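Student: I would like to learn how to read surface patches and sheets in a model. Can we work through one?

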Amino acid sequence: MKKNCFVIAIVLFFLVMFIGSRIMRSQQVCEYQSEEFLMDTLVSISTYGTDTDLLKLATEEAFVEMRRIADLTDRFSEGDSLACNASDVSRINKMAGIEPVTVDKDVVNILKLAKEYTELTNGAFDITIGPVMDLWGFGQEKQKVPNSLEIQKVLELVDSKKIILNEDLCTAYLSQKSMSLDLGAVAKGYAVEKAVNILENQGIKSALIDAGGNIRVLGKKDNEKPWKVGIQDPRDTSSLVGILSLVDESAVTSGDYYRSIEINGRTYNHIISPKTGFPVGDNMSVTVITKDAFTADVLSTALFLMKSQQALALAEELEGIEAVLVNADQEILMTSGLIEKVVIK
Ligand code: AMP
Ligand code: MG
């Protein structure tokens, strides 16, 4: 009898240990990470939680949404731009000066929001910069420094006021022939924010999306501590100028070292002034930290286009916006609200 009790006790002990370890394992926070090349950059999504199947499903759905936005906004979509598989943006461009085009409501939304930032920056930020980008050859095989006559001609085509939107009918129209949209400054941020919405709707509480320097974090890392995100040194991208602590925020950098081109031994960056038609050189990099990736993406490009002190003043003025600028003299400037959030190296 005594022996039986002893055996039962041992069996029970191991049973409890076994069940306990299974519960512990199912509660353990794990990471699911996936990468895809989208919008000309490597996009990585890392999600954290206890249910790996859910992490995988949510991440896959987030990528589906990002791909959808990428397909809508790609201005170099293959073949004839009037083909039914052409992106909304290439159809709008093709129909410039001809007729309005029915587009996805996300496209109307992006255009509407982007137009507001043109006003805020007195015309420096303008998504109708397409003809100027093309003249320089950005995104194409051959590049050149255009002459002043050529620049003059294309600058007449840059004017966001000529983007005519009809929100009820979901149409967009560029009212002058040869105008063209370039959503390079905004589409990534918009796609990242849509992807975060998908993750949230799936119940994910902790995630990080990195779309080529376009960072958005959800919750805290492992649900415990703020995420640490580095700001690259624009003249030595293997080192950092600072480290940010982020929770439920985005940090997006526009830098002269991204996507620059070299012509006759000179480097030209990819952010162009609609006043001069030439790349701007007042900042080496601008990082904007705010709640959502779309605003951070728009504003990092918009502030990059401004003189450093004006950009800093505008960032201070805007609610919920923080910024770190590296100016042309490689000095680091930042908004006052960042003191708690950034460690300068
Ligand atoms: P980002 O890397 O987000 O700062 O965006 C840079 C991209 O914005 C460029 O590659 C162009 O596609 C686009 N862009 C260039 N100049 C301007 C401008 N003045 N206003 C709006 N978008 C621009
Ligand atoms: Mg941007």
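Tutor: We start with the surface; note that this is a predicted model. Phe6, Val7, Ile10, Val11 and Phe14 make a nonpolar surface patch of about 490 Å².

Student: Where is Phe14 found?

Tutor: Phe14 is in helix 1, residues 2-27.

Student: Is Phe14 buried or exposed?

Tutor: Exposed means over 50% relative accessible area. Phe14 has 53%, so it counts as exposed.

Student: Now the sheets. What is the order of the open sheet that contains strand 5?

Tutor: The order is 3-5-4, with antiparallel pairing among the 3 strands. Strand 3 (101-102) and strand 4 (163-166) are at the edges. Each has a single partner strand, so one side of each has no neighbour in the sheet.

Student: How many bridges pair strand 3 with strand 5?

Tutor: Strand 3 pairs with strand 5 (residues 171-174) over 2 bridges, in the antiparallel sense. Thr102 has Thr171 of strand 5 as its bridge partner.

Student: Which helix lies across strand 4 and strand 5?

Tutor: That is helix 4, residues 105-120. Helix 4 runs at about 130° to strand 4.

Student: What is the strand order in the open sheet with strand 9?

Tutor: This sheet of 3 strands reads 8-9-16, again with antiparallel pairing. Strand 8 (227-233) and strand 16 (342-344) are the edge strands, each pairing on one side only. On average, neighbouring strands here are turned by 35° against each other, direction ignored.

Student: How many bridges join strand 8 to strand 9?

Tutor: There are 7, and strand 9 covers residues 236-246. Opposite Gln232 stands Leu240 in strand 9.

Definitions and conventions. Residues are numbered from 1 along each chain as its sequence is written. Chains are lettered from A and ligands numbered from 1 in the order in which they are written. This is a predicted model: local features need pLDDT of at least 70, side-chain atom pairs count only at pLDDT 80 or more; totals for chains, interfaces and linings use all residues. Side-chain values use heavy atoms; hydrogens and water are left out. Patches are made of residues with over 30% relative accessible area and no salt bridge: like charges are joined within 9 Å, nonpolar side chains (Val, Leu, Ile, Met, Phe, Trp, Tyr) within 5 Å. Accessible areas come from the Shrake-Rupley method with a 1.4 Å probe; for residues, only the protein chains shown count as cover. A salt bridge is a side-chain nitrogen of Lys or Arg within 4 Å of a carboxyl oxygen of Asp or Glu. Helices (H or I, at least four residues) and strands (E, at least two) are DSSP runs, numbered from the N terminus. Buried means under 20% relative accessible area, exposed over 50%, partly exposed in between (1.4 Å probe, protein chains only). Two strands pair if DSSP finds at least two bridges between them. Contact means heavy atoms within 4.5 Å. Axes are lines fitted to C-alpha atoms, for helices over the stretch in contact, and angles run from 0 to 180 degrees between N-to-C directions.
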